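Open the model in your viewer and keep the sequence panel beside it. The stops below say what to select next and what is there.

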Amino acid sequence: MADGTPRTPIITEDAADRLYIIDARNGVERQLLLDWVHATAGDNDPQWASLAIEDDDHALPLGSLRARLDGQPSRQVVPLRVAWRIPGFERDRALKFRHILFGDPRHPGSLRARLILLRDRRRAQILVGEAATLAALRDRFAAQTGGGDAAGPDGAEFAGFVARQAGLALDVAERGIRGTRYKVPRFVADGLRTSPKFRAALAELSEATGRPVAELFREARPLMKEVIARPSALFLDLRARLDRMMFGGYAPEMEVDAAELARLRAILREHPTAILFTHKTYIDGATPSRLTYENDMPMLHSFGGANLDFAVMGEFFRRSGMIFIRRSFQDQPVYKLVLRHYIAWLLAKRFPLSWAFEGTRSRLGKLMPPKYGLMKYVLDAAHATGTRGVHFVPFVTSFDLIRDVEEYAAEQTGRSKKPESLAWFIGYMKSLKEPSGRIRLDIGNPVVIDTAPGADDKRALEKIAFAVAVEANRVTPLTVTSVMCLILLGMAPRGATSAELLGAIGAVTDWARARGIRISSELGSGDDAALSATVDTLVTSGLLTRYEAGSENIYSIDPTKHPMASYYRNIIAHHFLDRAMIELALFELRDADSGDATAAFWDKIDRLRDLFKFEFFYPPRDEHMAALRAELDRIDPVWDRRLASGDRGIAQLLRRCQPVVGHAILLPFAEAYSVVADLLARGKPGDAVDEKALYDAALTEGKQAYLLRRISSEAAIGKLLFANGLSLMRHMGLAEEATPDLLTARRALLAELRGLANVMETMRLSTVALADRLPGVGEQQ
């Protein structure tokens, strides 16, 4: 155990039938361990074999160990290692980047070890791993490897297995003094090569391709080196230090719920797990690893594209747990086989995985459609190996400010994305030092897959991914930044006084709390100082403008910042979607006659669902209708009677909806779609849609439409918005080769979209009129 006491008691009378496996990196460690053996074994001539098991990057010299494995089945095999302690390290974990050059102080060389012993021998702690009998090891060997390559239970492969088992037992003992954060996979390639399932898969591939198994095996070996991450304690510590540097501009402590953290700890300990995080910025992938490291939970294996495997940083991240994957490997069956079995090995050994399930950073703020690739490989691996109970845990990181947003806004207007490089990485790290507010972490309920679906079950894969996305949306909180952007964009171009903002923030917060929507601590606590500090950060960053020269402080968003502010608004837009649809449908019917408007209302809802289906995740229609009815119940318990009474009842419902938010949620999408519809409506019979040319023209025409105020904000100008507009038109059959009838239908859609925009302008004016009726500072009693 960690204190040097063996987990399996060593009985004195059995001392002569005991084999010590000494894991020693150098002669100093070997002598320390032999001195301990002679002092405690009660035997003048103990049996031992010395191996540098801990340094597993090279083939082990197994001759001496193999010669000593022919004892009685009851012989105990006892692994030993020296653990070198670092004074005060557990307090601040202050490793330096210079240790990359000079070596991990937990693994000193001979000279360094002698100097440590001269200063303080207590820093060298003897570890005794859990002992096992030769009989137990032979049974374990047969069960895990199928007996190896028929070399027998006393051959070289068995000796290698015993050495690896000794190393693993010592790792368990060492984690007792260093922590669970240093639980890293060991001997992965050896484990795969000796796995019966891996060998059987190679045999099946051999039959399918006609290539010899030996040839496939030779191809697999370098692929294992390419795919398998090689994390170590040193690089985990350095990665944690880098993570802290990445978050240098944020508050030191991340906000996370203690109960959610405890639940995550239990899940990681008991189940094969993948943490799927939402992807807003380059650094949100570091928040799950930072959380697990700082709370002494197992390290996460993350996934990265091969484009990030550059220069020094690629090796750094590989050594801290990143798995680099080729962008395309459809026609590379051996690569796919190695990757699949590697993932299955990690799941079976309870090494959690982590990746961005959207596949790429969200350029608009709202959740992107999930990419199925990695999830499919995890599920395929679980299915192929019979791994049950895989837990997919949604993980949401909320930042007060995201440094990438300015880049996203520029990309959406047509500027090319800068390629990643070492120079780019250094510049990006410098930008992260600017004050950026707070970080909040929200951990969703796991989506549990009892039995993984088959490789061809695409529908099951989509349902699992959708369930993860819905849960991620559910636990996304309202933050000061997102709420202020929602409010100020909804009032633009008018600004808002401090009193108006506080009143609107309070109304939104109360609305969210009544619906069980999560809110950040600054919004939920009523702490004016914390709220003011966040607002000051947003003003300093330039996202918000504060005018202080008059009698009241006025907050607004500069029109050039609308695309950036829209990003933060979009992060929470899904929470307001049902409300927005209800408001917009009611405003469209506000001039209805006195007859029953119920059917017309639900027709409007169905049409809005169809128009914006490429922007939001909808639950099945019956569930969505139930959610809309529940929202109507909160607005007015007798909403059904009011709809039945026609225009008068609709007016009463609209008064109960104030202040409205629908225009702030849906207007940019309607306006962007109208730009695309306008361009296609100008076509001539026989014209085909050239997608690239359409987007380029939309960027130009969108700017013109904004200058003419045919659209209200530059937030409606963006390539992804235009792409979704084109997807809608394809869905409606309006993007085929132009015909007279098709052009007429396009013009009808354009008129509908512009009509919706006009209705939403009326909604904005109603919100502004409500604010104008509030008393000013001088009028308040």
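## A buried leucine

Select Leu584, which counts as buried at 1% relative accessibility. The model is a predicted one, and what follows should be read as a description of that prediction. Leu584 belongs to helix α25, residues 577–588. Show its surroundings next: neighbours within four places in sequence aside, Leu584 is in contact with Leu608, Leu666, Leu756, Val759, Met760 and Met763. Pick Leu666 out of that list. From Leu584 to Leu666 the C-alpha distance is 9.1 Å, while in sequence the two are 82 residues apart.

## The nonpolar cores

Stay on Leu666 and add Leu478, Phe601 and Phe612 to the selection. In the largest nonpolar core, which has 148 residues, these four touch the most other members. Then colour residues 662–681, helix α30: this helix gives the most to the core, with 13 residues. Another core lies apart from this one and has 54 residues; to find it, select Leu223, Leu346, Leu461 and Val468, which are among its members.

Now centre on Leu478. Which residues is Leu478 in contact with, leaving aside its neighbours within four places in sequence? They are Val483, Val508, Ala512, Ile517, Arg518, Ile519, Ser520, Leu523, Ile572, His575 and Phe576.

## A three-stranded sheet

Select β13, β14 and β15. These 3 strands form an open sheet with antiparallel pairing, and the order across the sheet is β13-β15-β14. β13 (496–497) and β14 (545–547) each have a single partner strand and stand at the edges, so each has one side without a neighbour in the sheet. Zoom in on β14 and strand β15 (residues 554–556), which pair over 3 bridges in the antiparallel sense. Label Tyr547 and look across to β15, where Ile554 stands opposite.

## Two cis peptide bonds

Go to Pro493, in the loop between α20 (480–491) and β13. The peptide bond that joins Ala492 and Pro493 is cis, with omega about 10°.

Then move to Pro659, in the loop between α29 (647–657) and α30. Here the bond from Gln658 to Pro659 is cis too, and its omega is near -5°. The loop leads back to α30, the helix that gives 13 residues to the largest core.

## Two positive phi angles

Select Asp296 in the loop between α13 (286–294) and β7 (301–305). Asp296 is not a glycine, yet its phi is positive, about 55°. Is Asp296 buried, partly exposed or exposed? Its relative accessible area is 25%, which makes Asp296 partly exposed.

Next select Arg709, found in the loop between α31 (691–707) and α32 (719–731). Arg709 also has a positive phi without being a glycine, here of about 60°. With 53% relative accessibility, Arg709 counts as exposed, because the cut-off for that class is over 50%.

## A nonpolar patch on the surface

For the last stop, turn on the surface and select Leu111, Leu115 and Leu118. Together they make a nonpolar surface patch of about 360 Å². Leu115 sits in helix α5, residues 110–119. At 41% relative accessibility Leu115 counts as partly exposed, whereas Leu584, where the tour began, counts as buried at 1%.

How values were computed:
Residues are numbered from 1 along each chain as its sequence is written. This is a predicted model: local features need pLDDT of at least 70, side-chain atom pairs count only at pLDDT 80 or more; totals for chains, interfaces and linings use all residues. Side-chain values use heavy atoms; hydrogens and water are left out. A nonpolar core is a set of buried Ala, Val, Leu, Ile, Met, Phe, Trp, Tyr and Cys residues joined through side-chain atoms within 4.5 Å. Buried means under 20% relative accessible area, exposed over 50%, partly exposed in between (1.4 Å probe, protein chains only). Helices (H or I, at least four residues) and strands (E, at least two) are DSSP runs, numbered from the N terminus. Contact means heavy atoms within 4.5 Å. Patches are made of residues with over 30% relative accessible area and no salt bridge: like charges are joined within 9 Å, nonpolar side chains (Val, Leu, Ile, Met, Phe, Trp, Tyr) within 5 Å. Accessible areas come from the Shrake-Rupley method with a 1.4 Å probe; for residues, only the protein chains shown count as cover. A salt bridge is a side-chain nitrogen of Lys or Arg within 4 Å of a carboxyl oxygen of Asp or Glu. Two strands pair if DSSP finds at least two bridges between them.
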